[in-house]
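Open the model in your viewer and keep the sequence panel beside it. Each stop below gives a selection and then what to look for.

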Amino acid sequence: MRFDIFTLFPQMFAGPFEESIIKRAQENGLVEVAIHDIRAYTRDRHRTADDTPYGGGGGMVMKPEPIFRAVEDVLTDSVGDSVGDTPVVLLTPQGRLFAQDVARELATEDRLALICGHYEGVDERVRQHLATDEISIGDYVLTGGEVPAMVIVDAVTRLLPDVLGDPFAAAADSHATGLLEHPHYTRPYDFRGWTVPDVLLSGHHGEVARWRRRQVLRRTWERRPGLLEQADLSAEDVEFLEALRVENAS
Ligand code: ADE
């Protein structure tokens with residue numbers, strides 16, 4: 001999969017993709033990340049990428065021409081591709097909320113363009129006539145779309161085939177199943193007197209699986225009860241949750 005990121009601050013991307021899993025995924029040819037400097041697509045002497053808003057008010061607005069030029073140039077660059085085939089995502093607090101299901105949806109694409117807004121915003125014509133999707137990573141306002149773009153690249157990349165060492169890891173994640181994950185432990189068994197639950201050392205796979213499932217249900221019920229409404233629950237799950245409710249009520 002290929003990501004094309006359009007930004008006024010390419011240096012912001014210097015670190016995050018050069019470590020760990022995303023780095024290895026790039027080295028293994030599973031993912032390609034290209035960073036494009038929007039300012040390189042300006043045509044005036046001052047390389048102007050923003051301007052004051054029509055109608056007045058504070059802040060600056062990102063100009064449409066360099067963004068259109070950058071995206072159209074990059075996406076029509078390669079053989080057999082065109083602007084029309086590749087989703088063009090504008091990162092904005094006004095977009096649809098990013099969540100695991102959106103990551104899964106984006107992971108089915110071959111290529112994705114991500115436009116990082118900055119300042120007060122991006123000229124509306126970018127949203128109307130260039131972007132095909134708008135995504136927000138949460139109900140808070142960041143200084144720009146760069147960190148959201150990194151979040152999306154990270155969340156999507158780890159879902160791609162062969163990126164994670166353990167092929168089942170992504171399937172068991174918090175949120176992948178619609179529920180939160182069970183706790184994890186590793187050595188030492190006793191850390192400062194806090195010991196690992198003995199069931200995990202029992203070697204009894206059935207018992208371990210049952211304990212983990214109950215932890216998943218308990219955690220989700222305690223922290224994000226709303227998630228349980230959409231979840232795929234067995235009769236045993238429902239019974240356990242009912243017991244939790246009773247236990248909690250008494
Ligand atoms: N730009 C600023 N804040 C943002 C957010 N929460 N999501 C996406 N893009 C943004």
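**Stop 1: a loop residue**

Select Leu233. Is Leu233 buried or partly exposed? Its relative accessibility is 27%, so Leu233 counts as partly exposed; buried would need a value under 20%. The model is predicted, so read every value on this tour as computed from that prediction. Leu233 sits in the loop that runs between α7 (205–223) and α8 (235–249).

Now add Leu112 and draw a distance between the two C-alpha atoms. The separation of Leu233 and Leu112 is 35 Å, with their positions 121 residues apart along the chain.

**Stop 2: the ligand**

Select the ligand and show its surroundings. Which pocket holds the ligand? The ligand sits in the largest pocket.

Expand the selection to the shell. On one stretch of sequence you pick up Leu91, Thr92 and Pro93. Further along come Ile135, Ser136, Ile137 and Gly138. Tyr140, Val141, Leu142, Gly144 and Pro148 complete the surroundings.

Colour by secondary structure. Two strands, β5 (88–97) and β8 (133–136), each give at least two residues to this shell. β5 has the largest share, with 3 residues.

Next, hide side chains and show backbone atoms. Three pairs deserve a distance label:

- Ile137: a backbone N or O atom is 3.0 Å from a nitrogen atom of the ligand.
- Gly138: a polar backbone atom is 3.2 Å from a ligand nitrogen atom.
- Leu142: a polar backbone atom is 2.9 Å from a nitrogen atom of the ligand.

How much of the ligand does the protein cover? Alone, the ligand has 260 Å² of accessible area, and the protein covers 96% of that.

**Stop 3: helix α5**

Keep Pro148 from the ligand shell and extend the selection to residues 146–157, which is helix α5. The 12 residues of α5 should span 16 Å at 1.5 Å a residue. The end C-alpha atoms are 16 Å apart, so the span agrees with expectation.

Colour α5 by accessibility. The helix is mostly covered, with 9 of its 12 residues buried. Pro148 is one of the buried residues, along with Glu146, Ala149, Met150 and Ile152. Val153, Ala155, Val156 and Thr157 are buried too.

**Stop 4: helix α2**

Jump to residues 64–75, helix α2. α2 also has 12 residues. From its first C-alpha to its last, α2 reaches 16 Å, close to the 16 Å expected at 1.5 Å a residue.

Which residues of α2 are buried? Pick Pro64, Pro66, Ile67 and Phe68, then Ala70, Val71, Val74 and Leu75.

**Stop 5: backbone angles**

Select Ser20. Its phi is positive, about 55°, although Ser20 is not a glycine. Ser20 lies in helix α1 (residues 20–27). Ser20 has a relative accessible area of 54%, so it is exposed; the cut-off for exposed is over 50%.

Move to Arg47. Phi is again positive, near 50°, in a residue other than glycine. Arg47 belongs to the loop between β2 (32–37) and β3 (50–51). Arg47 counts as partly exposed because its relative accessibility is 39%.

**Stop 6: a cis peptide**

Select Arg187 and Pro188. What kind of peptide bond joins Arg187 and Pro188? The bond is cis, with omega about 5°. Pro188 is placed in the loop between α6 (169–172) and β9 (190–191).

Conventions. Residues are numbered from 1 along each chain as its sequence is written. This is a predicted model: local features need pLDDT of at least 70, side-chain atom pairs count only at pLDDT 80 or more; totals for chains, interfaces and linings use all residues. Side-chain values use heavy atoms; hydrogens and water are left out. Helices (H or I, at least four residues) and strands (E, at least two) are DSSP runs, numbered from the N terminus. The expected span of a helix is 1.5 Å times one less than its number of residues. Buried means under 20% relative accessible area, exposed over 50%, partly exposed in between (1.4 Å probe, protein chains only). A residue is near a molecule or strand if one of its heavy atoms lies within 4 Å of it. A polar contact is a pair of N or O atoms within 3.5 Å; within protein, one must be able to donate a hydrogen and the other to accept it, and residues adjacent in sequence count only if both atoms are side-chain atoms. Accessible areas come from the Shrake-Rupley method with a 1.4 Å probe; for residues, only the protein chains shown count as cover. On a 1 Å grid over the protein atoms alone, a cavity is a set of points where a 1.4 Å probe fits but cannot get out, and a pocket is an open set with protein on both sides within 12 Å along at least five of seven lines; lining residues have an atom within 4 Å of a point. A molecule sits in a cavity or pocket if more than half of its atoms lie within 2 Å of its grid points.
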